[in-house]
Amino acid sequence: MKKILLGTFLLSASLFAANIVIDQKNNKFSQAEIRVKVGDTITFTNSDPFAHNAYTDEENNEFDLGSQKPNESKVVHVLGKGKFLVECVIHPDMALNVVVVE
Ligand SMILES: [Cu+2]
């Protein structure tokens with residue numbers, strides 16, 4: 001019985017994983033800070049008519065989306081707890097703080 005309950009719980013947890021959409025528009029990320037959970041996904045969509053990028057060096061969630069063309073979306077999986085800064089290598093003023101709450 002315990003095993004069945006645990007299985008149900010894990011299935012429910014994955015069903016509740018959220019996807020947060022962040023636009024890259026007017027040389028900004030559409031939000032300055034987001035709160036997410038491990039297992040959530042973040043979709044970065046370039047809504048500008050020129051290339052953007054998104055990356056972080058934070059060791060638990062390291063990623064680099066490379067060059068994103070206009071209208072291109074790329075998805076990142078939140079892998080670890082903590083707090084990190086996402087930047088655009090092309091536009092150093094672009095910043096998104098990500099707080100992983102659990
Ligand atoms: Cu950019």
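Q: Two strands pair if DSSP finds at least two bridges between them. What makes E1 and E4 a pair?
A: Six bridges join E1 to E4, so the cut-off of at least two is met, and the strands run parallel. Asp23 stands opposite Thr45 in E4. A word on what you're looking at: this is a predicted model, where local features need pLDDT of at least 70 and side-chain atom pairs pLDDT 80 or more, while totals for chains, interfaces and linings use all residues. Residues are numbered from 1 along each chain as its sequence is written, and side-chain values use heavy atoms, leaving out hydrogens and water.

Q: How do you know that E1 and E2 pair as well?
A: Strands here are DSSP runs of E, at least two residues long, numbered from the N terminus (helices are runs of H or I, at least four). Two bridges join E1 (residues 19–25) to E2, antiparallel this time, and at least two is what pairing asks for. Lys25 has Lys28 in E2 as its bridge partner. In the hairpin, with two residues between the strands, Asn26 takes a positive phi near 50°.

Q: Why are E2 and E7 placed at the edges of the sheet?
A: The open sheet of four strands has the order E2-E1-E4-E7, with mixed pairing. Strand E2 (28–29) and strand E7 (73–77) each have a single partner strand, so one side of each is left without a neighbour in the sheet.

Q: What makes the arrangement around the copper ion irregular?
A: Start with the donors: N, O and S atoms within 2.8 Å of the metal (3.2 Å for Na, K and Ca), and with water not among the atoms, sites may look incomplete. His52 (ND1), Cys88 (SG), His91 (ND1) and Met94 (SD) coordinate the copper ion at 1.9 to 2.7 Å. Their angles are 90 to 139°. Four donors are tetrahedral if all angles lie between 85 and 135 degrees; four are square planar and six octahedral if opposite donors are over 155 degrees apart and all others between 65 and 115; anything else is irregular. The 139° fits neither four-donor class, so irregular it is.

Q: Why is Val38 called partly exposed?
A: Buried means under 20% relative accessible area, exposed over 50%, and partly exposed in between (1.4 Å probe, protein chains only). Val38 has 39%, so partly exposed is the label. His91 and Met94, by contrast, are both buried. Val38 is found in the loop between E3 (33–36) and E4 (41–46).
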